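Here is a colleague's note for someone meeting this structure for the first time. The points are numbered so that each can be checked on its own against the model.

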Amino acid sequence: VKIPMSRLSLAPTKGLKNIVGEGSCLPLTAVYGNAYGTPSDKRITWSSSDTSVATVSAQGSVKGLKFYGEATITATAADGSGVKATYKIYVYPKVKKVTVTFGLDQYGNFVVKANTGNGQLDRLFFFFFTVSNGKGIGISDSNFVNNVKYVTIRKPGTYTIKMKLLDGSNRTGSVRVKIWGDTDDRHWKVL
């Protein structure tokens with residue numbers, strides 16, 4: 001008995017977003033199934049709505065070709081069931097270098113900022129921040145405007161704040177900072 005594919009969805013791997021940098025690749029994962037078991041034919045065919053903006057390989061890896069563009073990637077079940085899934089991709093400018101800075105905003109709050117060197121376009125990028133010894137310092141999940149995140153200092157220490165650009169390029173940046181003093185009188189220095 002042949003079991004047809006009855007559902008299909010697409011998602012980027014590794015927690016990435018639906019953006020890909022020029023010249024970078026974003027692997028998509030096809031999740032398929034059928035309520036009655038595993039489909040007999042698991043083959044997927046891939047296509048792009050605009051191959052001048054983004055192409056997609058037979059394995060679902062999307063390559064960004066032209067900033068600023070958008071393309072819809074379509075995965076179609078090859079078993080003749082007609083099941084399809086789509087995923088919209090946005091191509092962002094190529095990033096050659098990422099810098100991370102630490103300091104105070106105009107209100108005296110500690111902040112960390114990521115910079116790709118693309119000027120006003122920096123606000124378009126998505127970043128993932130991590131901190132060494134993360135129990136002593138926290139990076140906000142919200143309030144991310146123009147690539148600035150608020151930093152909460154829980155205790156003095158030396159910390160490395162790392163950032164990864166979520167555009168498929170795997171570009172990273174970091175800043176090392178030393179913090180000392182009491183809660184009401186914090187001092188800091190970038191190392």
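**Notes on strands, salt bridges and cores**

1. Strands S15 and S16 form a hairpin in which six residues lie between the two strands, and Gly 181, in the turn, has a positive phi of about 105°. Please keep in mind while reading that this is a predicted model. The strands of this hairpin, S15 with residues 172–180 and S16 with residues 187–190, pair in the antiparallel sense over four bridges. Within that pairing, Ile 179 stands opposite Trp 188 of S16, and Lys 178 stands opposite Lys 189, also of S16.

2. Strand S15 has a second partner to consider, since eight bridges join S15 to strand S14 (residues 157–165), and these two strands run antiparallel. Here Lys 162 is found opposite Ser 174 of S15. S14 and S15 form a hairpin with six residues between the strands, and in this hairpin Gly 168 takes a positive phi near 90°.

3. Which residues of S15 make up its covered face, and which its uncovered one? The covered face consists of Gly 173, Val 175, Val 177 and Ile 179, whereas Thr 172, Ser 174, Arg 176, Lys 178 and Trp 180 belong to the uncovered face. Ile 179, whose place opposite Trp 188 was given above, is thus on the covered face, while Lys 178 is on the uncovered one.

4. Elsewhere in the chain, four strands form an open sheet with mixed pairing, and their order is S2-S8-S7-S4. Strand S2 (19–21) and strand S4 (44–48) are the edge strands, each of them pairing on one side only. From one strand to the next, the twist averages 30°. Inside this sheet, strand S7 (residues 69–77) and strand S8 (residues 84–92) pair in the antiparallel sense over eight bridges, and the bridge partner of Ile 73 in S8 is Tyr 87.

5. How many salt bridges are counted in the model? The count comes to two, and a general remark may help in reading them: side chains of opposite charge can pair when their charged atoms come close. In one salt bridge, Lys 88 is joined to Glu 70, with the closest N and O atoms 3.1 Å apart. Because Lys 88 lies in strand S8 and Glu 70 in strand S7, the pair ties together parts that are 18 residues apart in sequence. Lys 88 is partly exposed, at a relative accessible area of 36%, and Glu 70 is also partly exposed, at 39%.

6. A salt bridge is also formed between Arg 43 and Asp 41, where the closest N and O atoms are 2.8 Å apart. Is each of these two residues buried or exposed? Arg 43 has a relative accessibility of 53% and therefore counts as exposed, whereas Asp 41, at 18%, counts as buried.

7. Ser 24 deserves a look of its own, as a residue placed in the loop between S2 and strand S3 (25–33). Its relative accessibility is 11%, so Ser 24 counts as buried. Leaving aside neighbours within four places in sequence, Ser 24 is in contact with Val 62, Lys 63, Gly 64, Asp 167, Gly 168 and Ser 169. The C-alpha atoms of Ser 24 and Leu 166 are separated by 11 Å, although these residues are 142 residues apart along the chain. Gly 168, one of the contacts of Ser 24, is the glycine already mentioned for its positive phi in the hairpin of S14 and S15.

8. The last point concerns nonpolar cores. In soluble globular proteins, nonpolar side chains tend to be buried together. The largest nonpolar core of this model has 22 residues, of which Leu 8 and Trp 46 touch the most other members. At least two residues of this core come from each of strand S1 (7–12), S3, S4, strand S5 (54–56), S7 and S8. Not counting residues up to four places away in sequence, Trp 46 touches residues including Leu 10, Leu 28, Ala 30, Val 56, Ile 73 and Ala 75. Apart from the largest core lies another core, of 20 residues, among them Val 95, Val 151, Met 163 and Leu 165.

Terms used: Residues are numbered from 1 along each chain as its sequence is written. This is a predicted model: local features need pLDDT of at least 70, side-chain atom pairs count only at pLDDT 80 or more; totals for chains, interfaces and linings use all residues. Side-chain values use heavy atoms; hydrogens and water are left out. Two strands pair if DSSP finds at least two bridges between them. Axes are lines fitted to C-alpha atoms, for helices over the stretch in contact, and angles run from 0 to 180 degrees between N-to-C directions. Buried means under 20% relative accessible area, exposed over 50%, partly exposed in between (1.4 Å probe, protein chains only). Contact means heavy atoms within 4.5 Å. A salt bridge is a side-chain nitrogen of Lys or Arg within 4 Å of a carboxyl oxygen of Asp or Glu. A nonpolar core is a set of buried Ala, Val, Leu, Ile, Met, Phe, Trp, Tyr and Cys residues joined through side-chain atoms within 4.5 Å.
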